[in-house]
Amino acid sequence: QYKIQLTDGWYVIDSILDSTLSHYTELGKIMVGTKLRIMGAVLKNGENGISPLEAIERSYSERPILLLRVNSTRRAKWNCRLGMQTNNNFFINIASVYPTGGNIPGLQIIILRQYPKLYMQTIEKSSHSNKSFDEESTVDSIKMIRNEKDEEIERNKNRELLQMKSAQKLK
């Protein structure tokens, strides 16, 4: 993991990069002078807050350190202002999300299709069945997904089956 110093042009803070950002540093994507856009970084050794000038006077192990994660850190444009921004939100593509990269500041997605409500039903093996062994073993693991229309059709079928079974028992 790389340890770097960040500045807003006036104050300095030490930072530790996660493994992916450290790899980007090795590739030269993050170097001296690169502007970074950071959101949701974790502050270590400074939970109660401290003046930036007092932080410099502390020993290195007691200084506040920003822990940067890849999902919430991006390179900024060359002409971006340094320091705290009024609009600090930024969105990333789903393709650039790393599973171990920490929190995601915002995800930009487009909904392509909306499906109707679905219901899931697990069919369990009945103890009294005339089916063969092979049919029973497949029925145990079947899970059906239906929409509302299919559900109504299934209810009608079950109602008819119950009527037929009750008619057979009466005979």
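This report describes the fold, strand pairing, core, largest pocket and selected buried residues of one protein chain.

## Overall architecture

The model is predicted. Its chain holds four helices and eight strands. Read from the N terminus, the order of elements is β-β-α-β-β-α-β-β-β-α-β-α.

Of the 171 residues in the chain, 18% are buried. Contacts between residues at least 6 apart in sequence include many that span a long stretch of chain: 57% of them join residues at least 24 apart.

## Strand pairing

Strands β1 (3-7) and β2 (residues 12-17) form a hairpin, with four residues between the two strands. Within the turn, G9 has a positive phi of about 100 degrees. The two strands run antiparallel and are joined by five bridges. One of the pairs across the hairpin consists of L6 and its bridge partner in β2, I13.

Strand β2 is also joined to β5 (65-68), in this case by four bridges and in the parallel sense. Here I16 stands opposite L67 of β5. Strand β5 pairs in addition with β4 (residues 42-44), in the antiparallel sense and over three bridges. K44 has I65 as its bridge partner in β5. Strand β5 is thus a partner of both β2 and β4.

## The nonpolar core

Eight residues make up the largest nonpolar core: I4, L6, L17, L21, I30, L66, L68 and V70. Strands β1 and β5 are the elements that give two or more residues to this core. The two faces of β1 differ in cover: I4 and L6 lie on the covered face, whereas K3, Q5 and T7 lie on the uncovered one. Both residues of the covered face, I4 and L6, are members of the core.

L21, another core member, is in contact with I30, L68, R69, V70 and T73 when its neighbours within four places in sequence are left aside. Among these partners, I30, L68 and V70 also belong to the core.

## Helix α1 and its surroundings

Helix α1 covers residues 19-27 and contains T20. Four of its residues, T20, L21, S22 and T25, are buried. The cover over the buried residues of this helix includes β2, β5 and β6. After the helix comes G28, whose phi is positive, near 90 degrees.

Why does T20 count as buried? Its relative accessibility is 17%, and the term applies to values under 20%. T20 touches V70 and Y98, not counting residues up to four places away in sequence.

## Buried residues in loops

N71 lies in the loop between β5 and β6 (73-75). N71 is buried, with a relative accessible area of 1%. Beyond residues up to four places away in sequence, N71 touches I92, S96, V97, Y98, G101, G102, N103, I104 and P105. Y98 is therefore a contact of N71 as well as of T20, which counts as buried at 17% relative accessibility.

F90 is found in the loop between β6 and β7 (119-122). F90 is buried as well, with a relative accessible area of 7%. Apart from neighbours within four places in sequence, F90 is in contact with R37, I38, M39, S72, T73, R74, P105 and G106. P105 appears among the contacts of F90 and among those of N71. F90 and Q108 are 18 residues apart in sequence, and their C-alpha atoms are 9.2 Å apart in space.

## The largest pocket

The largest pocket has a volume of about 1400 Å³. It is lined by 40 residues, of which L6, T7, D8, I38 and L66 are the closest to its centre. The lining divides into 24 nonpolar, ten polar and six charged residues.

Several elements, namely β1, β2, β3 (36-38) and α2 (52-57), each supply at least two lining residues. Strand β1 gives the largest share, four residues. Two of the residues closest to the pocket centre, L6 and L66, are also members of the largest nonpolar core. I38, another residue close to the centre, is in contact with F90.

How values were computed
Residues numbered from 1 in each chain as written. Predicted model: local features only at pLDDT ≥ 70, side-chain atom pairs only at ≥ 80, totals over all residues. Heavy atoms only, no water. Buried < 20%, exposed > 50% of the residue type's maximum accessible area, 1.4 Å probe, protein only. Contact = heavy atoms within 4.5 Å. Core = buried A, V, L, I, M, F, W, Y, C linked by side-chain atoms within 4.5 Å. Pairing = 2+ DSSP bridges. 1 Å grid on protein atoms, 1.4 Å probe; cavity = no way out; pocket = protein on both sides within 12 Å on 5 of 7 lines; lining within 4 Å. Points joined across faces, edges and corners; volume = space filled by probe spheres on them. Nonpolar A, V, L, I, M, F, W, Y, C, P; charged D, E, K, R; others polar.
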